[in-house]
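Thanks, everyone. I would like to take a few minutes on one helix pair and then on some aromatic rings, so please have a look at the model first.

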Amino acid sequence: MKTLLTITAAALTLMGCAQEAGFHNDAALPAGAAGVAADFGAATAANHQAMTNPGEATVQLGQRFAAEVDTTVTFAFNSSQLDSAAQAVLITQANWIRQFPEIRFNVYGHTDLVGSASYNKRLGLARANAVVNFLSTQGISRSRLEALVSYGETRPVIATQAPEQQNRRTVTEVSGFVKGASMLLNGKYAEVIFREYIASAVPPTTLSTSATATLDSIQ
């Protein structure tokens, strides 16, 4: 017990010295130093939030998915065929999705305003199915892409009666967590957290000369 108290007191003293020397949480220090990057520990925090507040965790994961990959693919006129550009986008989506096996996704199909509403709703659904079929070839379970939705022509990006490629699209979005999925920190999910822990660290080369000298004096 005395040893533990001594170690704790020494750690607090070291942190106090670092703060007096001008180091704060926004200082460019490597992981493990007194100051850390703003996103240090974000992966562990996200895991905790997923267990305690899945609704908010879903929103944040959706925002992250949209920020890190292209969520939209477009189609040729009156077609649900995926061209090479669309397949390339879906491969990046699949690579992201595989990292989080506990998350479900919706694929929304859309069309332009040419043609009847009923036909376009069917075409939008065909496009959503085309995306699901392709993602399943990339190792994504269909059970995680349960909700296939077609908005047809009702939600155009550009309101025009003419053919418009930006309207002929599908959008992939995070929809929630797989029902009954274990939220325990298993080995696979630990790999994700470890990868993000490493990514959050600030390389030692970013330390300034003065910061290095101050750390040396503390040691």
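Helices H4 and H5 are oblique to each other, because their angle falls outside the other classes (under 35 degrees is roughly parallel, over 145 roughly antiparallel, 65 to 115 roughly perpendicular, and the rest oblique). H4 covers residues 84-98 and H5 residues 117-137, and they pack at about 60° with their axes 10 Å apart. H4 passes H5 in a right-handed crossing. The contact (heavy atoms within 4.5 Å) involves Gln87, Leu90, Ile91, Gln93, Ala94 and Ile97 of H4, together with Val131, Phe134 and Leu135 of H5. Of these residues, seven are nonpolar, two are polar and none is charged.

I should say that this is a predicted model, where local features need pLDDT of at least 70 and side-chain atom pairs count only at pLDDT 80 or more, while totals for chains, interfaces and linings use all residues. Residues are numbered from 1 along each chain as its sequence is written, and side-chain values use heavy atoms, with hydrogens and water left out.

Turning to the rings, there are five aromatic pairs (ring centres within 6.5 Å, taking the six-membered ring of Trp; planes under 30 degrees apart are stacked, over 60 edge-to-face, the rest tilted). Trp96 and Phe100 have ring centres 4.7 Å apart and planes at 35°, so that pair is tilted, whereas Trp96 and Phe105, at 6.4 Å and 90°, are edge-to-face. Trp96 is buried at 3% relative accessibility, and Phe105 is buried at 1% (buried being under 20% relative accessible area, exposed over 50%, partly exposed in between, with a 1.4 Å probe and protein chains only). Finally, Phe65, Trp96, Phe100 and Phe105 form one aromatic cluster.

Note on methods: Axes fitted to C-alpha atoms, helices over the stretch in contact; angles between N-to-C directions. Helix = DSSP H or I, 4+ residues; strand = E, 2+ residues; numbered from the N terminus. Left-handed = near helix turned anticlockwise from the far one by under 90°. Nonpolar A, V, L, I, M, F, W, Y, C, P; charged D, E, K, R; others polar.
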